[in-house]
4 protein chains.
Amino acid sequence: MIKAGIIGATGYAGGELVRLLLGHKEVEIVWYGSRSYVDEKYAHVYRNMFDIVDATCLDDNLQELARQVDVIFTATPQGYLASILTEEILSQVKIIDLSADYRIKDVATYEKWYGITHKSPQFIEEAVYGLCEINRDKMQGVRLVANPGCYTTCSILTTYPFVKEGLIDHHTLIVDAKSGTSGAGRGAKVQNLFCEVNENMKAYGVATHRHTPEIEEQLGYACGEDVTISFTPHLVPMNRGILVTAYASLKKVAYPDGHVDYPTEDMLLDVYHKYYDKEYFVRVLEAGMTPETKWVEGSNFVDVCLKVDPRTHRVILMGALDNLVKGAAGQAVQNMNLLFGFKEQEGLELVPMFP
Amino acid sequence: MIKAGIIGATGYAGGELVRLLLGHKEVEIVWYGSRSYVDEKYAHVYRNMFDIVDATCLDDNLQELARQVDVIFTATPQGYLASILTEEILSQVKIIDLSADYRIKDVATYEKWYGITHKSPQFIEEAVYGLCEINRDKMQGVRLVANPGCYTTCSILTTYPFVKEGLIDHHTLIVDAKSGTSGAGRGAKVQNLFCEVNENMKAYGVATHRHTPEIEEQLGYACGEDVTISFTPHLVPMNRGILVTAYASLKKVAYPDGHVDYPTEDMLLDVYHKYYDKEYFVRVLEAGMTPETKWVEGSNFVDVCLKVDPRTHRVILMGALDNLVKGAAGQAVQNMNLLFGFKEQEGLELVPMFP
Amino acid sequence: MIKAGIIGATGYAGGELVRLLLGHKEVEIVWYGSRSYVDEKYAHVYRNMFDIVDATCLDDNLQELARQVDVIFTATPQGYLASILTEEILSQVKIIDLSADYRIKDVATYEKWYGITHKSPQFIEEAVYGLCEINRDKMQGVRLVANPGCYTTCSILTTYPFVKEGLIDHHTLIVDAKSGTSGAGRGAKVQNLFCEVNENMKAYGVATHRHTPEIEEQLGYACGEDVTISFTPHLVPMNRGILVTAYASLKKVAYPDGHVDYPTEDMLLDVYHKYYDKEYFVRVLEAGMTPETKWVEGSNFVDVCLKVDPRTHRVILMGALDNLVKGAAGQAVQNMNLLFGFKEQEGLELVPMFP
Amino acid sequence: MIKAGIIGATGYAGGELVRLLLGHKEVEIVWYGSRSYVDEKYAHVYRNMFDIVDATCLDDNLQELARQVDVIFTATPQGYLASILTEEILSQVKIIDLSADYRIKDVATYEKWYGITHKSPQFIEEAVYGLCEINRDKMQGVRLVANPGCYTTCSILTTYPFVKEGLIDHHTLIVDAKSGTSGAGRGAKVQNLFCEVNENMKAYGVATHRHTPEIEEQLGYACGEDVTISFTPHLVPMNRGILVTAYASLKKVAYPDGHVDYPTEDMLLDVYHKYYDKEYFVRVLEAGMTPETKWVEGSNFVDVCLKVDPRTHRVILMGALDNLVKGAAGQAVQNMNLLFGFKEQEGLELVPMFP
């Protein structure tokens, strides 16, 4: 049984972490950090926790926390962790950071897209990008995990095998993503009021969204080249869920009989299976199916599928996940399981809830 | 490890039963019955179950099923189970019936409100009304459980203590209930299409809804008198959740110092606590709080609270539950736990999902 | 052609006023007042108005406005108009106040329920309560109209005929009301965020909501007695719409043949028709129908119907309206039409939008 | 005053036609055709029309109808009109067809994508594709108008100027479209039930949707070349609205000073303005804005805007409309106005409703 602390426990991702960790056999939450609600009962902030969590919110004292717990989850605004992290802290505790501070290896890229100066670039190198399905073998002995972004996780897992295998021309890759509104956080903003979001849909952050360089960097590792993509997020009137629809031109391949042609849908599905059949949390749907966000809601699954368009020689790659689970808290727990040698699915064998 | 079969596994309540039983340590589902989808993969009907349930839907063969399993859940249309149940079947297996067939002890009342002839009234007497918080001690050795209706569960648990204690005048009891749309089932009807329900609200079944006599019968047992109430259900544009707002005139009580007056809010809250503090699944909120359906979503909890209106000497009693969990499948699992001597919370320690 | 100014033009009610007045042949909006958005283009605040409204938001200068326009609509916080209204202003311009400042004739009642001191009680007497269907004949030469609240309009129009005719025992009247979220306004509050409201339902302001005394006062005028009711509002995950479900015990009446008994459903429907057949904006549905908020959305209609419950001798009265139209801006325009002698339906012959 | 008949008046597009024509000064609806509801009151099918439309639904007798009215709107299933249309009918009446039967000039393409044999190809040539902003000058004396599809209208108006001006490489054009659920029609299907659509999002008809060839044909006319695009529709949990996000690689252009480079965002916005400033129903948003479906709801507007991504040299083109108005009934009325020489905006000066 390890002890965990959460900084930013009253945001939506923090709340989901609490929900998941309460069902985890090997962890006890001992610190519900929330600067905004210090001294308030956690169950007053999230009343689903009534009679379940008795704790009171504590301040964000990272040093004190490092002494008390085995792992800290930071679900904090961009730049916050980077501004307070020290070697002393890292020598005492493992940190799984749900913010973007250590996701991007190139500091200049981070500073450009986020518009802030990185206060502790010395830790970027050692931080492991916690996309478990790809970096599982780098988790040994790690102190700092950069938990991937929600859009990023869905975008990468949906496209990664084909970028890595060189089956698509990554210069043509376009990711059109749609997200539920919990991704916008619990801040009180007019644009996120019920009446503004409900019965409405829009794109935002067009060509400028911060998850873009994160996707590009990881796909770049996959193919060994610089990758530059188009990425457009959209806000959808639902609480949870990310749906990615990605487009890319296929590259011709050599067939067994020697002729060169575009790969078939079956061949591409086989690639998905090659990468993901061993992955518990990635479900490769059957040909003809399309992922739906509702079918993964509340779970740590990513559903992927694809469709080849023979008229344009493009493949349409599709993926769906729950942005608060596999896109945030679930993945963080999965990373914790890897860090501490727990069974990877522990606490995460959640059956999606429908309807 | 017992074996369970579900008849009607492809309705919304059936689907929720599957979700819950998959997380239950003592049960294995061996029969996914669905007349409409015989021979189809269950995971094709409910794609949240992809990679989780490999089974294929089977026909509704109750006799065969009775031989194979320890418990049968019937989530079937009204009258179906009553028309096929036999002593032979009941001698082999326990049945938890999610339909209304054995809920009402008075056959004439059942036949009048449901408009059908009861085909096996001989089993009504032995059937236990499976509202665990009230009938827990009657579950010993029982073969047939009548699982309560969704509206009924919420209405009864919200009002029961005050009817039983004689603190309200039951002749004045009015239950205004609001339900998410999953309560309307998965049948393809125009009135339940997204565009008809979304951005809309209406009452239905006004003064004629079938859960009325069920509530009345149970409350009648509580106070030892015939109870006749007003009950109005409403359809709300959300998937899950029932909210009950009940109104009743308070009766004066004798205070310790001998004077007679209306009870205070604190006194009434104490009554809730007296009845429910020992109940894991009933959460008595703090004074001033009002139950919200979202705070119990996905869980087996019922949240209750109340408000005294000194201007009218009425009490407003409020309760919220997830109609598919505590209002259907969760309660069925709770009943199963009681029948088989499992821990009552087994498989049901679900933290509500928010948002 | 008259000139109109709006103070509070950037709230939801203000925005709806703009939408309606743009379709009105006799009015031109010349002042879009909004303290929060002074000097911003109105069409930037409400982008539905792009290319339609070219104006820029102005400050709330009531004195200046009184000189420039014929009618001022004030969609402002409680207490604001009362704190700045003067005889000089009222001598220059007609004011239709969408706030509660002049709705309640009894100052003590206003101050108790609203918790503020009334700053200009001298104008209360002359203010006409602008529920057109009831006070149409009092609108002659009026300078100040108190536009009724949204819940109030729906509650009164649904119950008024039966209170006035003495057909129900008003001591038993219970109004259970449900509202879309636009009623909560456009303020940035966590509790009104999409993720908090969506897939959720709750009661609020139980036994304490400020529309209660407003309903009571008007129903009191109807029957000539003090009326005290139970009123419970609920928040529903939809943008627009109020649904009222009201319960009351019937009083026996003398039948033509001399015997005394409870009135029948037909007799009560006749009463609705007697009061509302001449009213363009009140639609009495056919027996067996129940009002749905979607069927009046975007229009100035109120749909009403009723159901008699012979088991309890109660009548269930139901009404639905669009809270931003008949519940706010539409009624304000209807009042303006009466004040200026325009056709009462001018600008309001809106066909409800479905779906 | 002309007389209009509607065949298919009880579908969602038919219902919207009724709503719009009721507000049109020059038209009277004399025939509410609905095979499914013959002899039922129209206001029973669409209760928003209670007290407004007194008519009863009639059968789909095209010949009789042709004798009685000046214009027929057919909102019927694919293939229906083509199977019954005759020269005799067309010689008597103008027809505006909201189905796809005469949209595609190439019969083989129609038959391939729709999987049905075209029964009256002889009328295809004379049918004018009723995208008013593009084909306004072809409407003189026309007898048969093929009203464009909802996705098509949004996709074409969003991309047309740049295809026509040769500013984008049409081989790279990808249209990712999102639609509210009213686009799926009022048929009772499980997949369109509230609980299946709500809190969910999915792509459908990937690489096979029937609006694809319609978009391609029209864009082909614009640039004089065969156009083949990727088009992916998505289902969104809202009633109304289509949002199009289109991606295309920019082509370099000659600048005034002679150098050749990619066009800037301002240059592209100028192109939008060049095409649409004279168009009442197309609103070109300001740089940096993105269209939102809610801002056009209930109106005949199409909002468009764009963003240049200098990293990829792509332009992201965005458009939003109300699928039942500009995407169906509103455009049909606009076509009628052109056919009969009415003012083009007559009956369509609808201010979008927010929220």
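This passage describes the interface between the two assigned domains of chain A in a predicted model. Local features are restricted to pLDDT of at least 70 and side-chain atom pairs to pLDDT 80 or more, whereas totals for chains, interfaces and linings use all residues. Residues are numbered from 1 along each chain as its sequence is written, chains are lettered from A, and side-chain values use heavy atoms, with hydrogens and water left out.

The assignment, which is of an automatic or database kind, places domain 1 of chain A at 2-126 and domain 2 of chain A at 151-323, and the C-alpha centres of these domains lie 28 Å apart. Contact (heavy atoms within 4.5 Å) involves 15 residues from domain 1 of chain A and 16 residues from domain 2 of chain A.

Between the two domains about 1300 Å² is buried, 50% of it given by carbon and sulfur atoms, where buried area is the accessible area (1.4 Å probe) lost by two parts on being put together, summed over both. On the side of domain 1 of chain A, the residues that lose the most area to domain 2 of chain A are A:Y12, A:R103 and A:W113, which together account for 48% of what that side buries.

Two salt bridges are counted between domain 1 of chain A and domain 2 of chain A, under a rule that requires a side-chain nitrogen of Lys or Arg within 4 Å of a carboxyl oxygen of Asp or Glu. The side chain of A:R103 forms a salt bridge with that of A:E214, at 3.1 Å from N to O.
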